[in-house]
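Let's walk through this model together, one question at a time. Have the sequence and the 3D view ready.

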Amino acid sequence: MHGASWLVLVGIWLSAIEAWPTLPAKFPIHFDFAGRPDSFVDKSMVAWFLLPVFASVMNTGLSLLAPMIRWMALKHPEFVNMPRKAQWLKLDTQARLRTLKPVFGAMRGLQLLVMALFLFIVVSSVKVASGQWSVLPTWPMFLFLAAIGASVAWLLFRSITAVKKEVKVFTDRP
């Protein structure tokens, strides 16, 4: 799953590049809660490729987050925000790193969902701009947002249980 978000990002760029020549002179850049376009812009590369650029920056940032947290756990663990922090700080370095593994997996899942949401927005915007759709379907947006919320809850659950497990192992030692 680690490289999956990068594959989705490639899909975002390919979709945007493929759609560029066929975009109308004005295309929607924003939609209301009912999925109706409520803001249009003149066709320009900056306006059209802003979302893929933003997705690229976000994906890069999210990809760098786990190595940065790992480094902080090694060098400055007091700056890492983990549940049961006082107990987490008492763990040895390897135990602290083990608590981060499931968190990093949950973060990759969240990253993949965010990139999939960007892909949906780009593809749907093309369909609305080209007249294939009159409105952006809203149910997938709410589904993505619900999945992202569930992913954040899963990340919190995984971090709590990982710390709890390592604290138990640490305190059960003779």
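Q: What span does helix 5 reach from its first C-alpha to its last?
A: This is a predicted model, where local features need pLDDT of at least 70, side-chain atom pairs count only at pLDDT 80 or more, and totals for chains, interfaces and linings use all residues. Residues are numbered from 1 along each chain as its sequence is written, and side-chain values use heavy atoms, leaving out hydrogens and water. Helices here are DSSP runs (H or I, at least four residues), numbered from the N terminus. Helix 5 has 34 residues, and 50 Å is expected at 1.5 Å a residue (1.5 Å times one less than the number of residues); its span is close to that, at 49 Å.

Q: Which helices do the buried residues of helix 5 pack against?
A: Buried means under 20% relative accessible area, with a 1.4 Å probe and protein chains only. Among the buried residues of helix 5 are F144, L155 and V163. The buried residues of this helix pack against helix 3 (85-90) and helix 4.

Q: Which helix supplies the largest share of the largest nonpolar core?
A: A nonpolar core is a set of buried Ala, Val, Leu, Ile, Met, Phe, Trp, Tyr and Cys residues joined through side-chain atoms within 4.5 Å. The largest one has 22 residues, with W48 and F118 among those with the most contacts inside it. Helices 1, 2, 4 and 5 each supply at least two of its residues, but the largest share, 9 residues, comes from helix 4.

Key:
Buried means under 20% relative accessible area, exposed over 50%, partly exposed in between (1.4 Å probe, protein chains only). Contact means heavy atoms within 4.5 Å.
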